Amino acid sequence: KQSMSFGPAPPLSKIVFDKHDADHSGSVDLKELRNIVYSLGHSMTDTELVAAMQILDKDGSGRISYDEFQSWWKQGPSRFAALDMEEPERQKLENAIAFFKYYDKDLSGTRSRRISARIRQPHP
C-alpha cells in the first residue's frame, strides 16, 4: 500500500490570500484587497482602501504581494489599526481621488492619455 502525504497545511494568511487572488497572479489588486477586507468583516471607503493599498504595497508595484500581505497579517488583531491615516493625509487622498474621478469619464480607473491631457489643460 502507498500512503499519501500531504504535508503541513498552508498558513491561514496564504489560504486567505490565495482565495482572493482571483486572477492567480500571485498578488492582489485594489478590487481583490476590498474582497479580502470585506471577507474579514470590515468595510472600507474608497479612500481608506486606497490608503491601505499605499501602506501595504511596500515596493510601489500597485499590487500587494503575498510577502507584503503576510507582514500585515502577522500583526494579528491590530492589523486594521495599522491601516489608519491621520485626518490631513486622509483629506489629501480624498481630494486626489475626487480629482481623478472627475477626469475618469469612462470609469476605467486608469490614467489614459486623454485624462492626462485634460489634467494639463488650464482650469478657469
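**Helix α5 and the salt bridges**

Student: Which residues of α5 are buried?

Tutor: The model is predicted; local features need pLDDT of at least 70 and side-chain atom pairs count only at pLDDT 80 or more, while totals for chains, interfaces and linings use all residues. Residues are numbered from 1 along each chain as its sequence is written, and side-chain values use heavy atoms, without hydrogens and water. Buried means under 20% relative accessible area, exposed over 50%, and partly exposed in between (1.4 Å probe, protein chains only). In α5, a helix being a DSSP run of H or I with at least four residues, numbered from the N terminus, the buried residues are R90, L93, I97 and Y103.

Student: Where do the buried residues of α5 fall, seen down its axis?

Tutor: The arc is taken from the directions from the helix axis to the C-beta atoms. The buried residues line one face of the helix, because they fall within an arc of 155°.

Student: Which residues are exposed on the other side of α5?

Tutor: Exposure is judged by relative accessible area, over 50%. On that other side, the exposed residues are P88, K92 and Y102.

Student: How many salt bridges does a search of the whole structure find?

Tutor: A salt bridge is a side-chain nitrogen of Lys or Arg within 4 Å of a carboxyl oxygen of Asp or Glu. One of them joins D18 and K14, with the closest N and O atoms 3.2 Å apart. The search finds 5.

Student: Which residues are linked in a network of salt bridges?

Tutor: R63 meets D23 at 3.3 Å, N to O. R63 also forms a salt bridge with D29, at 3.8 Å. The network links D23, D29, E32 and R63.

Key. Helices (H or I, at least four residues) and strands (E, at least two) are DSSP runs, numbered from the N terminus.
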